[in-house]
Amino acid sequence: KTPVIIDCDPGIDDVMMLLLALRHESIDVKLITTSAGNQTQDKVVDNALRFVSYIGEEVEIARGLDKPMLRDLVIADHIHGETGIGGVELPDPDFEVSDRTAIEAMVSVLNEASEPITIVATGPLTNVGALLLAHPEVKPKIKQIVLMGGAARGGNVTPKAEFNMFVDPEAAEIVMQSGVPVVKCGLDVTHQAYLDQMDLRLLKVSGTELSETLYEMLAFYKDAQATSPFLEPYHAEVVRLHDLCAIAYVIDPSLFKGDDYFVTVESSGAYTTGATVVDHLRTLGEEPNAHVLHSVDRKRFVELFYSVLEE
Ligand code: BDR
Ligand code: CA
């Protein structure tokens, strides 16, 4: 089993990622930490506790930082709703949030592990950036950081910036330049990682309580994406599961294709704050610091996700 720490901001696609991570036989989730992003820290930590309980799992969930390193928090309630998980109401959780902070818990889990751990990050990188800044000694204990964020080409909150990078570009840049191996699932690949109408119908007719709950969340997400002024029209037909790419890569990297590039995150651009500059021309003279994914076998990706729905 691959040991992982998950840092996320649930978030509808984060929830799908948690389900696959917690249910897949090849993954051992050691810790979940929450990142303020899609909603406030209070709401994302509550969503994580409720959802993990709802699917019958229990794992330490530690509360992360309340706001980005240097900026005010920007949330994505227009996409994930007032609660952060669409209109779905999940029952009260069966267990409580950890009494350790996200950073304390990450440091101790990394130090106690018998092998290097993969960090899967699917929200703004505030917690992971703070960890690397405050505790550089844990870097050798991190096998790699597989993150959802950025875009080689267009963004989704500004013409150039993707949401997770836009919210905390300073933290993202610390992660990118940390020297820890990074795998980057940006919009270039996550826009190919979608459920189409047929996939959604399959979920709807499968008739389990879980599939109904997921369908309800995804229907909300799809409508929100479809009415977003930032997204191309064909978005209306599909629902993109950005965050699921990060855990799918850890489970089966052969689903994806990518290349190694130097990547830097813009934090002071007049129009480009939060843009990930991917040196695809290799003209910046820097060594590659990230494996940047650019395509996914969509059919196998969806099969992998649906393989954990029946348990
Ligand atoms: C990312 O932003 C969030 O809204 C999603 O959960 C995903 O992590 C996509 O840009
Ligand atoms: Ca997310």
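Biologist: Which residues are the closest to ligand 1, and how many residues surround the ligand?

Modeller: In this predicted model, 15 residues surround ligand 1, and the closest are Gly11, Asp13, Ala76, Phe163 and His242. A residue is counted as near the ligand if its C-beta atom, placed from the backbone, lies within 6 Å of it. Helix H1 and helix H6 (163–167) each supply at least two residues of this shell.

Biologist: What makes up the shell around ligand 1 by class?

Modeller: The shell has four nonpolar, seven polar and four charged residues. Gly counts as polar in this scheme, whereas Asp counts as charged.

Biologist: Helix H1 has been mentioned. Why is Leu18 called buried?

Modeller: Leu18 is found in helix H1, which covers residues 12–23. A residue is buried if 20 or more other C-beta atoms lie within 10 Å of its own. Leu18 has 28 C-beta neighbours inside 10 Å, so Leu18 counts as buried. Leaving aside neighbours within four places in sequence, Leu18 is in contact with Ile6, Cys8, Pro10, Phe51 and Val52. In addition, the C-alpha atoms of Leu18 and Ile55 are 9.8 Å apart in space, although these residues are 37 apart in sequence.

Biologist: Is Pro91 buried or exposed, and how do you know?

Modeller: A residue is exposed if 12 or fewer other C-beta atoms lie within 10 Å. Pro91 has 8 such atoms, and therefore Pro91 is exposed. Pro91 is found in the loop between helix H3 (77–80) and helix H4 (102–112). Beyond its neighbours within four places in sequence, Pro91 is in contact with Arg50 and Tyr54. Its C-alpha atom is separated by 30 Å from that of Val167, which is 76 residues away along the chain.

Biologist: How do you know that strand E1 pairs with strand E2, and in which sense?

Modeller: Two strands pair if DSSP finds at least two bridges between them. E1 and strand E2 (residues 27–34) have seven bridges, in the parallel sense, so the criterion of at least two is met. Within this pairing, Thr2 stands opposite Ile27 in E2. E1, H1 and E2 together make a right-handed β-α-β unit.

Biologist: Which bridges join E1 to strand E4, and how many are there?

Modeller: E1 and strand E4 (residues 117–121) pair in the parallel sense over four bridges. In E4, the partner of Asp7 is Ala121, and that of Ile5 is Ile119. Strand E1 (residues 2–8) is also mostly covered, with five of its seven residues buried.

Biologist: What is the order of strands in the sheet, and why are E3 and E9 said to stand at its edges?

Modeller: The open sheet of eight strands has the order E3-E2-E1-E4-E5-E6-E12-E9, with mixed pairing. Strand E3 (61–62) and strand E9 (256–261) each have a single partner strand, so one side of each is left without a neighbour in the sheet.

Biologist: How many helices and strands does the protein chain have, and why is the chain called as compact as a globular protein of its length?

Modeller: The protein chain has 12 helices and 12 strands. Its radius of gyration is 18 Å, close to the 19 Å that the globule rule gives for 311 residues, so the chain is as compact as a globular protein of that length. Buried residues make up 52% of the 311 residues.

Methods: Residues are numbered from 1 along each chain as its sequence is written. Chains are lettered from A and ligands numbered from 1 in the order in which they are written. This is a predicted model: local features need pLDDT of at least 70, side-chain atom pairs count only at pLDDT 80 or more; totals for chains, interfaces and linings use all residues. The radius of gyration is taken over C-alpha atoms; the globule rule is 2.2 Å times the number of residues to the power 0.38. Two residues are in contact if their C-beta atoms, placed from the backbone, lie within 7 Å. A crossover is right-handed if, with the strands pointing away from the viewer, the path from the first strand over the helix to the second runs clockwise.
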